[in-house]
Amino acid sequence: MLSLLALSDGEDERSFKFNLFVDDALIFNWSKNLKKFTGFDVILGNPPYVCARNLPEETLLKLQKFEVCKSGNSDLYIPFFQLGIQNLKDAGILGFITMNSFFKSLNGRNLREYFKQHSLNIKIIDFGTEQVFKSKNTYTCICLIEKSHNTTIKYCKSSSLSLPTKQSDYNSIPYIKLNSKTGWNLNDFETISKIEATGIAFGDLYKTRHGIATLKNDIYIFNPVKEDKDYFYLQNGSLYQIEKGICKDIVNTNKLSRAVSISNLKEKVIFPYDNADKPSLLNENFIKENYPKAYNYLLNKRRILDNRDKGKGEYENWFAFGRSQSLEKVKNKLFFPKMSDRVPSYIINSEDNLLFYNGQAVIGHTEDEMLFIKKIMESRLFWYYIKTTSKPYSSEYYSLNGNYIKNFGVCQLSDSEMDFVLNENNKNILDVFFEEKYEIRLT
Ligand SMILES: C[S@@+](CC[C@H](N)C(=O)[O-])C[C@H]1O[C@@H](n2cnc3c(N)ncnc32)[C@H](O)[C@@H]1O
């Protein structure tokens, strides 16, 4: 208002010296460029959204000097917080719009600890799954940080169209209750803390595992266009015969966010390993002699296989899967997807020869234990936990990755309660049971 009046009344300065500097912020030294520099009163920014794997070597080297970059592989926005705070005057204000992944991510661990150690006075307006920048597939928040001390963080889950206007729009969360190591649960802090404080952490009770990783699924995994006594027929450019003896059944468990039955998901995978409980890669000559058609097919696709891992992969042999994970036979598995936009299907399977890819499984527990955890994971409470704490993807999908479920507290049940849960199949009754058990009302 004042500057507008100054302009209209001709009282404004004729020319300005803006003092603009254009340089690499990661190495720029303000004290050397501004006389008597004591820090800025206000810093505003929209730090670059570049994830660690897309950063050039020279930038990675520059990140090493920032303490906030020393947990995991830092994204480029993370050091800008430390830079900003270091260059602020006491009681100065920093305002960033930036990615919200640091609340929970491994590479945000040191940044969370940095905020906590300095007990910075932070207000966060979290846009959750809203994509504020329409052209960017990214999840953002606004951080307003005053360089002064506070024992709490103020947090508001908001939409960009109805920003908070008063203090009471924010929830106050004591730093002391936030865990820098496992991640900040800022959204519905009370409920989530209650869930995590119940029973024993999922990650301490259950082992989860990812499926096999060929690194070229469209070469190894197929839906036969036909079959006869000895061969499956694989259409990939040409039509190839593949000996049935070198194939196994496989399911894409990521499809469980929609599908409800394993039989609809079964495909074939060319499995160049033996049939031991812990399979070893077959010898090349053995494959050539015993499965000549499959060998011929793989040889035909060798150039594509050699290009896995940008041509730098070191595999046991050129026809081996890209990674050797999850080849072992496992009797009891509870399959579920890596991400979903709704309560997905959790399917117990005991075919030890059935492989899986893309999704995940809880493995190595008795059938009753599997059934119990399936019922918890299918509950409204578990899905609420995921939606509130997990990493969002586009179209309201949320990650069910081990990291996002390992802190879920699994309630301990008496024998009779366990009996009830194992035998009750009405989902609504189970939802109410679990919510009473956790003393949480979701409706
Ligand atoms: C998300 S954009 C924000 C652009 C603009 N400030 C805005 O809000 O529209 C991030 C900007 O940071 C710049 N940037 C990336 N790395 C930088 C660095 N090391 N030093 C200074 N600027 C950098 C990028 O070139 C890009 O323009």
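In this predicted model, the shell of residues around the ligand divides into four nonpolar residues, one polar residue and one charged residue. The residues that surround the ligand are Asp24, Ala25, Leu26, Asn46, Pro48 and Tyr49. Of these, Asp24 is charged and Asn46 is polar, while Ala25, Leu26, Pro48 and Tyr49 make up the nonpolar part of the shell.

The protein as a whole has 443 residues, of which 28% count as buried, and its secondary structure comprises 16 helices and 22 strands. The C-alpha trace spans about 95 × 60 × 35 Å along its principal axes. Among the contacts in the protein with a separation of 6 or more, 68% are accounted for by residues that are 24 or more positions apart.

In soluble globular proteins, nonpolar side chains tend to be buried together. The largest nonpolar core of the present model contains 58 residues, and the members that touch the most other members are Ile242, Ile270, Ala294 and Leu334. A second core, separate from this one, has 31 residues, with Leu88, Leu111, Ile125 and Cys141 included in it. When residues up to four places away in sequence are not counted, Ala294 touches Ile242, Ile246, Ile270 and Ile287, and also Glu243.

Glu243 also belongs to a series of paired strands, in which it stands in β12 opposite Tyr231. Strand β12 (residues 238-243) pairs in the antiparallel sense with β11 over six bridges, and the two strands form a hairpin with one residue between them. The turn of this hairpin holds Gly237, which has a positive phi of about 80°. On its other pairing, strand β11 (residues 231-236) is joined by two bridges to strand β10 (residues 226-227), and these strands likewise run antiparallel. A hairpin is formed here too, with three residues between β10 and β11, and Lys226 has Tyr233 in β11 as its bridge partner.

Positive phi values also occur at residues other than glycine, among them Asn19 and Asn358. Asn19 has a positive phi of about 60° and lies in the loop between α1 (2-8) and α2 (30-33). Because a residue with 12 or fewer other C-beta atoms inside 10 Å is classed as exposed, Asn19 counts as exposed with its 7 C-beta neighbours. For Asn358 the positive phi is about 70°, and the residue lies in the loop between β18 (355-357) and β19 (360-363). Asn358 has 19 C-beta neighbours inside 10 Å and therefore counts as partly exposed, since the class of buried residues begins at 20.

A buried position within a helix is provided by Ile405, which is placed in helix α14 (residues 402-405). Ile405 has 23 other C-beta atoms within 10 Å and is therefore buried. With neighbours within four places in sequence left aside, Ile405 is in contact with Phe202 and Leu400. Ile405 and Ile221, by comparison, are 184 residues apart in sequence, and their C-alpha atoms are 29 Å apart in space.

Methods
Residues are numbered from 1 along each chain as its sequence is written. Helices (H or I, at least four residues) and strands (E, at least two) are DSSP runs, numbered from the N terminus. Two residues are in contact if their C-beta atoms, placed from the backbone, lie within 7 Å. A residue is near a molecule or strand if its C-beta atom, placed from the backbone, lies within 6 Å of it. A nonpolar core is a set of buried Ala, Val, Leu, Ile, Met, Phe, Trp, Tyr and Cys residues joined through C-beta atoms within 7 Å. Two strands pair if DSSP finds at least two bridges between them.
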